[in-house]
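Q: Could you take me through one part of this structure slowly, as if we were looking at it together? I am in my first year, so please explain each step of the reasoning.

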Amino acid sequence: MGFGSPEWPFLQRTGCCLDKRHSGTTKRQHSRPVAAGEAQAGLKQEQAYVRDEFGKILERERISSNEHLTRAILRERAATEEERQKAQRFARQLEEKDRELKKHDAYYKEQLARLEERSAQFYKVTTEQYQKAADEVSARFKRYETQPVCADLQGKILQCYQQHAQETLSCSALASQYLHCVNHAKQSMLGRGG
């Protein structure tokens, strides 16, 4: 890796004093200011060359970064599109489930309305049958209003027994009348079909 190698191209271009063809003290002394100017020009060329190389490297890195970025954006777009399609699929499934639920809801409301109607009809028929049966029982088994039989004689006998507690035989005439009255009432009831 000498000064004439491609790594030091400015030395080849400038013809620096290190070149073996230029050896001589006078020439060397005289060529020193020229060589310094040439070295400076070579240095500027080398800086320009390095700048160009860095520019190329940076350009390659920028292109590579852009490619990576483009691929990442494409991947992200694909993932986003897949998520969007998934969301649409789920939305369609949800709408379908919603339609099914509404259909079931309508069906159950209809069934409930039918059951309520049947129940109302059953209640009406049952109530009518109950009322009819109650009327039949009431007609078949009439209640009889009873009034005390021979109530005035009964009161007199009680009063007599209270007044003659020791002499109960003195009330026997009243007792005989009371028994006759009761028997007569029984006979008249049986004659009427009661």
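A: Here is a walk around helix 3 and the cysteines linked to this part of the chain, with a short look at helix 2 afterwards. Please keep in mind that this is a predicted model.

Let's start with the helix itself. Helix 3 runs over residues 151-163. Does its length make sense? With 13 residues at 1.5 Å a residue, helix 3 should span 18 Å, and its end C-alpha atoms are 19 Å apart, which agrees.

Now look at which way its side chains point. Leu-153, Ile-157 and Cys-160 are the buried residues of helix 3. If you look down the helix axis, these buried residues fall within an arc of 65°, so they line one face of the helix. Asp-152, Gln-162 and Gln-163 sit on the other side of helix 3, where they are exposed.

One of those buried residues, Cys-160, leads us to the disulfides. The whole structure holds 2 disulfides. Cys-160 is bonded to Cys-171, with 1.8 Å between their sulfur atoms. Cys-160 belongs to helix 3 while Cys-171 is in the loop between helix 3 and helix 4, so the pair ties together parts that are 11 residues apart in sequence. Cys-160 and Cys-171 are both buried. You can also give this bond a handedness: the torsion about the S-S bond of Cys-160 and Cys-171 is about -90°, so the disulfide is left-handed.

The other bond begins at Cys-150, in the loop between helix 2 (25-140) and helix 3. Cys-150 is joined by a disulfide to Cys-181, S to S 1.7 Å. Because Cys-150 lies in that loop and Cys-181 in helix 4 (residues 172-192), the pair ties together parts that are 31 residues apart in sequence. The torsion about the S-S bond of Cys-150 and Cys-181 is about -95°, so this disulfide is left-handed.

What about the surroundings of its two ends? Cys-150 has a relative accessibility of 9%; buried means under 20%, so Cys-150 counts as buried. Cys-181 has a relative accessible area of 26% and is partly exposed. Cys-150 has one more feature to notice: its phi is near 55°, a positive value in a residue other than glycine.

To see the pattern of the bonds, number the bonded cysteines of the protein in sequence order: the pairing is 1-4, 2-3.

Finally, step back along the chain to helix 2. Glu-81 and Arg-84 both lie in helix 2, 3 residues apart, which is about one turn of the helix. They form a salt bridge, with their closest N and O atoms 2.3 Å apart. Arg-114 and Glu-110 also meet through their side chains in a salt bridge, at 2.7 Å from N to O. Being 4 residues apart in helix 2, Arg-114 and Glu-110 are separated by about one helical turn. Both ends of this bridge are partly exposed, Arg-114 at 41% relative accessibility and Glu-110 with a relative accessible area of 40%. These are among the 7 salt bridges counted.

There is also 1 aromatic pair. Tyr-107 and Tyr-108 form it edge-to-face, 5.5 Å centre to centre and with 65° between the planes. Tyr-107 is partly exposed at 46% relative accessible area, whereas Tyr-108, at 53%, counts as exposed.

Technical notes. Residues numbered from 1 in each chain as written. Predicted model: local features only at pLDDT ≥ 70, side-chain atom pairs only at ≥ 80, totals over all residues. Heavy atoms only, no water. Helix = DSSP H or I, 4+ residues; strand = E, 2+ residues; numbered from the N terminus. Buried < 20%, exposed > 50% of the residue type's maximum accessible area, 1.4 Å probe, protein only. Phe/Tyr/Trp six-rings, centres within 6.5 Å; stacked < 30°, edge-to-face > 60°. Expected span 1.5 Å × (residues − 1). Arc of directions from axis to C-beta. Disulfide = S-S within 2.5 Å. Salt bridge = Lys/Arg side-chain N within 4 Å of Asp/Glu carboxyl O.
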